[in-house]
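Here are my notes on this one, written as a colleague would jot them down. Have the sequence and the 3D view open while you read.

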Amino acid sequence: GGTESAERLAAAIGISPDLSSEPTPRNQAARCAFGIVLLCGLLSAATMVISMLPIIGTDAMEKLLVLHRYAGIALTVAILLHLALTAFGKSRKG
């Protein structure tokens, strides 16, 4: 039911399903990494969409390309960090 899906979502984000428990430093780091994933993903997508608008000049497109590149690198690093934090937490429980 709803509880099971909430537990799956919590596990995917990297937080304890028991929201009343005190967050561990690993859970806090996983939450932070997940937030960075969301932010960098949004920034990466936004730079692609904005570059397609006809109001953007060549200079702005070059800046958007650089921003897109670094947002993509940061997104990749944040995803790997988040996966490492959540996988580490699961392996320690078992």
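The points below go from the whole chain down to two single residues.

1. Before anything else, keep in mind that you're looking at a predicted model. The values here are all computed from it.

2. Let's start with the overall build. The chain has three helices and zero strands. Walk along from the N terminus and the order of elements reads α-α-α.

3. Next, how much is tucked away? The chain has 94 residues, and 20% of them count as buried. Its accessible surface comes to about 6700 Å², and carbon and sulfur atoms make up 70% of that surface.

4. Now for who touches whom. Take the contacts in the chain with a separation of 6 or more: 61% of them are between residues 24 or more positions apart.

5. Have a look at Leu39, which you'll find in helix α2, residues 25–51. Is Leu39 buried or exposed? Leu39 counts as exposed because its relative accessible area is 57%, and the cut-off for exposed is over 50%. For a sense of place, Leu39 and Leu75 are 36 residues apart along the chain, and 8.3 Å separates their C-alpha atoms.

6. Then swing over to Thr86 in helix α3, which covers residues 58–93. Thr86 has a relative accessibility of 10%, so it counts as buried; the limit for that label is under 20%. And what does the side chain of Thr86 reach? That would be the backbone oxygen of Leu83, at 3.1 Å.

Key:
Residues numbered from 1 in each chain as written. Predicted model: local features only at pLDDT ≥ 70, side-chain atom pairs only at ≥ 80, totals over all residues. Heavy atoms only, no water. Helix = DSSP H or I, 4+ residues; strand = E, 2+ residues; numbered from the N terminus. Buried < 20%, exposed > 50% of the residue type's maximum accessible area, 1.4 Å probe, protein only. Contact = heavy atoms within 4.5 Å. Areas by Shrake-Rupley, 256 points an atom, 1.4 Å probe, with all protein chains shown as cover. Polar contact = N/O pair within 3.5 Å; in protein donor to acceptor, adjacent residues only side chain to side chain.
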